[in-house]
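This report goes through selected features of one chain and its ligand. The sequence and the structure come first.

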Amino acid sequence: MSAWFETVAVAQQRAKRRLPKSVYAALIAASEKGITVADNVEAFSELGFAPHVVGAVEKRELATTVMGQDISLPVIISPTGVQAVHPDGEVAVARAAAARGTAMGLSSFASKPIEDVIAANPKLFFQVYWLGGREAIAERVERARAAGAVGLIVTTDWTFSHGRDWGSPKIPEQMNLATILRLSPQAVTRPAWLWQWGKTLRPPNLRVPNQAPKGEPGPPFFAAYGEWMGTPPPTWEDIAWLRELWGGPFMLKGVMRVDDAKRAVDAGVSAISVSNHGGNNLDGTPAAIRALPAVADAVGDQIEVLLDGGIRRGSDVVKALALGARAVMIGRAYLWGLAAAGQPGVENVLDILRAGIDCALMGLGHGAVHDLSPDDIVVPPEFARALGVPASGGA
Ligand SMILES: Cc1cc2nc3c(=O)[nH]c(=O)nc-3n(C[C@H](O)[C@H](O)[C@H](O)COP(=O)(O)O)c2cc1C
């Protein structure tokens, strides 16, 4: 069977077949009843296109910039802290993103040291969780700077909600012999996954190397998670402090409300991502794409507004751009590609998105992604949710 896949949905099916059940479940993630994760994807189906039939432009320009980085398509890699999907993990993702001319966010909870990932893709934004207080955060950020990170992504939309109606995967404390034996009934039914790790002669590394000084293995995932739960959540002053300390391109990820977007501007950020953490935070938060138009309207002329959540096709990217996003970030789509086929699988996903964006631009009669506007799409009444605006939801 060819490793190539035609759509992101096929990559997902392959990932499901290839990964042990608990590893696949960790990729699906989402919280509680799964209302938000479903809405993130389904909301895109409510949006339609208004195509032209004559006058298509022969060559379309997909390139843009995000936080000062040239990217060849308006899609970048969202940071995800998932271990054990593939032995090359974030390095494979970084190589794929570099090969396709785009940038990458690297999670605080990534399995590979930032220095190794930047060697594979210098267009790297380091993602920070508010973990351990200002001093510890400053140390990590300085390590990222020294490694050559070209931007910072700060993610604050996490409330430690974890109850799932379909059950949470049991993530082991560490991968020792006892754990491997315990997982073995799942793993033996997934020989391709097991063989990948067997070749490396080491089990999945459940440590977080970027939470420690360079060269150290880093704490186990759960120790870091526990410290995070015990850290007082950040204030707007903390965000402004970190922005000042960093001094370069700075994104606040997870903004859904107009009032928060304005505060982010006041705190000096250069970008935000309209996002609900892929449905992993408060279940019942509307789809990110529903919140985008009001946020983009309010602050889109002052900072870069991105969106993440639910992107599975190039046409989804085009819809997000038409509603005011500069670019989008993808999470599960590339994780499924990584699980299905390693680096080529992530490249495959980016190629699918590129081709889909290009087709949509052609159908809409545009020569460049910058030409997209709300006029290109059909937005049903009641589609959008303006959160954090007086006299509307969330005010
Ligand atoms: C398994 C998984 C792990 C994630 N880990 C992180 C993380 O470590 N840091 C972060 O900022 N966002 C994390 N996210 C959120 C993604 O960056 C992104 O917001 C989300 O996946 C976008 O939705 P999508 O998966 O529908 O594309 C994670 C998402 C998933 C699914």
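Leaving aside neighbours within four places in sequence, which residues is Glu46 in contact with? The model examined here is predicted.

## Glu46 and its contacts

Glu46 is in contact with Pro380 and Phe383 once its neighbours within four places in sequence are left aside. The first of these partners, Pro380, is 334 residues away in sequence, yet the two C-alpha atoms are 7.2 Å apart.

Glu46 belongs to helix α3, which covers residues 35-46. It has 16 C-beta neighbours inside 10 Å and therefore counts as partly exposed. The limits behind this label are 20 or more such atoms for a buried residue and 12 or fewer for an exposed one.

## Helix α14

Helix α14 spans residues 332-364 and has 33 residues. At 1.5 Å a residue, a straight helix would reach 48 Å, but the end C-alpha atoms of α14 are only 27 Å apart. A kink of about 140° is found in α14 at Ala341, and the proline Pro344 follows shortly after this kink.

Is α14 largely enclosed by the rest of the structure or largely open? Of its 33 residues, 25 are buried, so α14 is largely enclosed by the rest of the structure. Just after the helix comes Gly365, with a positive phi of about 75°.

## The largest nonpolar core

The largest nonpolar core holds 119 residues. Within this core, the residues that touch the most other members are Leu292, Val295, Ala325 and Val328. The element that gives the most to this core is α14, with 17 residues.

The surroundings of Val295 can be listed in detail. Not counting residues up to four places away in sequence, Val295 touches Val255, Val258, Ala261, Val274 and Val305.

## The shell around the ligand

How many residues surround the ligand? There are 26, and the closest are Ser78, Gly81, Ser107, Gly278 and Gly331. Two elements, α2 (21-28) and α14, give two or more residues to the shell around the ligand.

By residue class, the shell around the ligand consists of 14 polar, nine nonpolar and three charged residues. Glycine is counted as polar in this division.

## Positive phi outside glycine

Glu32 has a positive phi, near 50°, and is a residue other than glycine. Its place is the loop between α2 and α3. Glu32 counts as partly exposed because 16 C-beta neighbours lie inside 10 Å.

Glu382 is also not a glycine, and its phi is positive at about 75°. This residue is in the segment after β12 (377-378). Glu382 has 8 C-beta neighbours inside 10 Å and so counts as exposed.

## The loop between β7 and α7

Phe160 is located in the loop between β7 (151-155) and α7 (177-188). With 9 other C-beta atoms within 10 Å, Phe160 is exposed. The C-alpha atoms of Phe160 and Ala110 are 18 Å apart in space, and these residues are 50 apart in sequence.

Ser161 is in the loop between β7 and α7. It has 12 other C-beta atoms within 10 Å and is exposed. What is Ser161 in contact with, leaving aside its neighbours within four places in sequence? The contacts of Ser161 are Ser31, Glu32, Asn281 and Leu282, and Glu32 is a residue with a positive phi. From Ser161 to Gly324 the C-alpha to C-alpha distance is 30 Å, with a separation of 163 residues in sequence.

## Pro213

Where is Pro213 found? The residue sits in the loop between α8 (191-200) and α9 (221-229). Pro213 is exposed, with 11 other C-beta atoms within 10 Å. Along the chain Pro213 and Pro113 are 100 residues apart, and their C-alpha atoms are separated by 9.9 Å.

Technical notes: Residues numbered from 1 in each chain as written. Predicted model: local features only at pLDDT ≥ 70, side-chain atom pairs only at ≥ 80, totals over all residues. Helix = DSSP H or I, 4+ residues; strand = E, 2+ residues; numbered from the N terminus. Expected span 1.5 Å × (residues − 1). Bend = angle between axes of the 7 residues up to and from the residue. Core = buried A, V, L, I, M, F, W, Y, C linked by C-beta atoms within 7 Å. Contact = placed C-beta atoms within 7 Å. Near = placed C-beta within 6 Å.
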